[in-house]
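Biologist: I would like to learn how to read the nonpolar interior of a model, and then how to place that interior within the fold as a whole. Could we take the structure below as the case?

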Amino acid sequence: MTLPQAVMACSVLFDRTFIPAPAEALTVINMSPLARELILACRSWTDVNKPLDPYARQLFATLAAVASQLAATPSNAAMPLPRSSGVAAAMRLTEQQMAEAPDFASIARDVALTERSLARHFSDEMGMTWRQALRRLRIIRAMELLGTNNTTITQAAYTVGYASLSAFNAAFLEISGQTPTAYRIGIQGASLPHA
């Protein structure tokens, strides 16, 4: 997927002597307002050769604790990467057609697999059914849309293929862990300042 607008990314790297290594090498988490503010506060310390003062050590230790807590419940809004060319092609087609109610049988035919074979590959590679992947793709795209100032919740729902706002709200809550309104407030209410 592509991002519909410019974004600012901040990251914090911890030395393994400062905190223990995480249980998982990579985890996608839902960023909390507290974690966001802690990351922004940590931007002042960029010299890795300079020792941290007591305030900075406490700030980084707090961020590490918050990140560890968030990592305990990874985001459902992440999409696994397909391993085979057939599933990758099916995912591309599904993403392109998600607003128009894509048909699994047509997608299977377009990627030269039987429905049964594609369904099995989806389950093996993605850990979900094609329908679950479509639902997740729609919500991830809706999350991107809600990050902009000019897209309403209703517009986002219809843009990604939901005809019912209640179905969209239920899917959004299940996948993101919050309502579309709460998500939008969290994203737009804590905009990153320009550096």
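Modeller: In soluble globular proteins, nonpolar side chains tend to be buried together. In this predicted model, the largest nonpolar core has 18 residues, and those with the most contacts inside it are Met91, Leu118 and Phe122.

Biologist: Which helices each supply at least two residues of this core?

Modeller: Helix H3 (85-97), helix H4 (104-110), helix H5 (115-126) and helix H6 (130-146) each do so, and H3 gives the most, with five residues.

Biologist: With which residues is Leu118 in contact, leaving aside its neighbours within four places in sequence?

Modeller: Once those neighbours are set aside, the contacts of Leu118 are Gly86, Val87, Ala90, Phe104, Ile107, Ala108, Val111 and Leu113. Apart from the core of Leu118 lies another core, which has 17 residues and includes Met143, Phe168, Phe172 and Ile175.

Biologist: How many helices and strands are there in the protein chain?

Modeller: The protein chain has nine helices and zero strands, so that, read from the N terminus on, its elements run α-α-α-α-α-α-α-α-α. Among its contacts between residues at least 6 apart in sequence, 68% join residues at least 24 apart.

Biologist: What share of the residues of the protein chain count as buried, and how much of its accessible surface belongs to carbon and sulfur atoms?

Modeller: Taking buried to mean under 20% relative accessible area, 34% of the 195 residues fall in that class. The accessible surface of the protein chain comes to about 12,000 Å², and carbon and sulfur atoms account for 56% of it.

Conventions:
Residues are numbered from 1 along each chain as its sequence is written. This is a predicted model: local features need pLDDT of at least 70, side-chain atom pairs count only at pLDDT 80 or more; totals for chains, interfaces and linings use all residues. Side-chain values use heavy atoms; hydrogens and water are left out. A nonpolar core is a set of buried Ala, Val, Leu, Ile, Met, Phe, Trp, Tyr and Cys residues joined through side-chain atoms within 4.5 Å. Buried means under 20% relative accessible area, exposed over 50%, partly exposed in between (1.4 Å probe, protein chains only). Helices (H or I, at least four residues) and strands (E, at least two) are DSSP runs, numbered from the N terminus. Contact means heavy atoms within 4.5 Å. Accessible areas come from the Shrake-Rupley method with a 1.4 Å probe; for residues, only the protein chains shown count as cover.
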